[in-house]
Amino acid sequence: MKFLPIIWSNLKRKKLRTFLTLLSILVAFVLFGLLSAIKEAMTGGISLAGANRLVVQHKVSLILTLPESYKARMEQIPGVDLATHQTWFGGVYQDPKNFFMQCPVVPDEFLNIHPEMILAPEQLKAWKETRTGAVVGRKTADKFHWKIGDKIPIQTPLWAKKDGNSTWEFDIVGIFDGKEKNSDTYSMFFRYDYFDEAHRGDRGQVGWYTVRVKDPKASADVAKLIDKEFENSTAEVKAEPEAAMAQSWANQLGDIALITTSILGAVFFTILLVTGNTMSQAVRERTGELGVLKAIGFTNAQVVVLVLVESCVLAVTGGVLGLGLAWLISASGDPTGGMLPMFFIPPRDLVIGCVFSVALGLATGFFPALQAMRLQVAVALRRM
């Protein structure tokens with residue numbers, strides 16, 4: 001604590017330089033926080049995916065449908081506990097920018113296989129009693145100011161009604177929440193029986209199945225049995241763990257982890273050079289003062305600690321401020337309006353950011369501290 005006045009005086013010596021260095025560190029850690037949030041949004045579904053759930057889709061492509069009759073056959077396969085289906089609806093609300101996921105489902109089956117969704121019992125009852133009923137996630141309901149009892153129009157280019165109209169109206173009968181902070185509460189679900197009866201197209205077709213297995217350790221074996229069950233059929237399937245499907249979706253955009261790591265690596269390397277140069281210049285400017293400190297009894301170790309602490313104060317202050325600003329930005333929610341529903345900074349990345357800030361301070365202060373330690377008193381005093 002007795003060194004703090006000295007450190008504070010050193011930082012105030014060149015206020016503009018200190019401010020600009022602090023600002024550069026702050027910006028770097030804001031970028032670190034926001035990229036962490038983007039990576040979590042892109043890959044968060046992988047960590048949330050149920051270990052006991054498989055996704056079964058058409059072997060050729062997810063856009064091709066499967067017969068609804070496959071459900072009963074899947075549930076007869078050893079190791080399968082329950083199967084349910086979803087279909088991509090692809091609608092928008094009022095404006096193409098207002099895009100979010102909508103799917104027709106069988107209410108009881110769907111909620112049973114997705115226990116991470118929380119829906120009040122009376123709302124589930126209303127959903128099963130209302131043919132045009134729909135339940136919507138909390139975030140989407142808050143975004144559009146929807147409430148239970150509202151009738152909302154959803155327009156889709158994929159599924160026209162029998163009369164050719166592409167606008168569907170649904171009655172909001174429930175608003176669901178998620179058990180986890182990063183649960184997706186942007187989606188909307190409505191009844192499959194209403195959808196199947198009302199749309200213009202083949203009856204009894206679904207988009208994909210979610211299958212719950214009895215033993216998560218046997219998921220791979222059950223997936224092979226499902227694939228084998230529908231071999232040589234008119235619609236062959238591909239079964240894979242839910243996490244694997246989530247990973248494949250993320251991989252369509254590239255290796256998100258590698259991309260973010262590469263960007264952050266370049267940024268932090270630049271900041272390392274900038275901050276290191278600042279500290280080296282600061283030590284050179286104080287050569288005479290460091291000589292005086294040594295002359296009055298400061299040891300080499302104390303001088304090293306003094307320089308390292310000054311460097312760490314600068315780096316940690318900028319890092320904490322940057323992470324705090326990034327957290328405030330991410331706390332306001334998905335900036336894309338639904339494309340990144342899990343947009344937040346994971347606590348582990350906040351901890352990693354704090355560790356990085358300390359490491360940055362030590363790395364940038366190491367060589368200037370070494371330079372100060374090797375400084376000879378006589379040489380330093382001559383430079384005053």
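Which residue of β8 is the bridge partner of Val135? It is Gly174. That pair is a good way into this structure, which is a predicted model.

Start with the chain as a whole. It has 14 helices and 12 strands. Of its 384 residues, 47% count as buried. The accessible surface comes to about 19100 Å². Carbon and sulfur atoms account for 62% of that surface. Contacts reach far along the sequence. Take those between residues at least 6 apart: 80% of them join residues at least 24 apart.

Now return to Val135. This residue belongs to strand β6, residues 133-137. The strand is mostly covered, with 5 of its 5 residues buried. In a regular strand the side chains alternate between the two faces of the sheet. β6 can be read that way. Gly133, Val135 and Gly137 point one way. Ala134 and Val136 point the other way. Both sets are buried.

β6 has neighbours to pair with. Strands of a sheet pair through backbone hydrogen bonds, either parallel or antiparallel. Here β6 shows both senses. With strand β8, residues 167-178, the pairing is parallel and covers 5 bridges. The Val135 to Gly174 bridge links these two strands. With strand β9, residues 188-191, β6 runs antiparallel, and 3 bridges join them. On that side, Ala134 stands opposite Phe190 of β9.

Next comes an open sheet of 4 strands. Their order is β3-β11-β1-β12, and the pairing is antiparallel. Why is one side of β3 and of β12 left without a neighbour in the sheet? β3 (80-86) and β12 (237-241) stand at the edges, and each has a single partner strand, so one side of each stays free of a neighbour in the sheet. From one strand to the next, the twist averages 25 degrees.

Look at the pairing of β1 with β11. β1 spans residues 53-58 and β11 spans residues 208-213. They pair in the antiparallel sense over 4 bridges. Val55 stands opposite Thr210 of β11. Helix α8, residues 219-229, packs on this sheet. The helix touches β1, β3, β11 and β12. Its direction makes about 170 degrees with that of β12.

One residue of the edge strand β3 deserves a closer look. Gln86 is found in β3. Is Gln86 buried or exposed? Its relative accessible area is 7%, so Gln86 counts as buried. The cut-off for buried is under 20%. Leaving aside residues up to four places away in sequence, Gln86 touches a list of residues that includes Met101, Cys103, Pro104, Val105, Phe110 and His114. Also among them are Phe189, Val206, Gly207, Trp208 and Thr210. Thr210 is the residue that Val55 stands opposite.

Cys103, one of those contacts of Gln86, is itself covered. Its relative accessibility is 0%, so Cys103 counts as buried. Cys312 is buried too, at 14% relative accessibility. How many disulfides does the model have? The count comes to 0.

Finish in helix α12, residues 300-331, where Val313 lies. At 30% relative accessibility, Val313 counts as partly exposed. Where does Leu362 stand with respect to Val313? The two are 49 residues apart in sequence. In space, their C-alpha atoms are 10.0 Å apart.

Technical notes:
Residues numbered from 1 in each chain as written. Predicted model: local features only at pLDDT ≥ 70, side-chain atom pairs only at ≥ 80, totals over all residues. Heavy atoms only, no water. Buried < 20%, exposed > 50% of the residue type's maximum accessible area, 1.4 Å probe, protein only. Pairing = 2+ DSSP bridges. Axes fitted to C-alpha atoms, helices over the stretch in contact; angles between N-to-C directions. Contact = heavy atoms within 4.5 Å. Disulfide = S-S within 2.5 Å. Areas by Shrake-Rupley, 256 points an atom, 1.4 Å probe, with all protein chains shown as cover.
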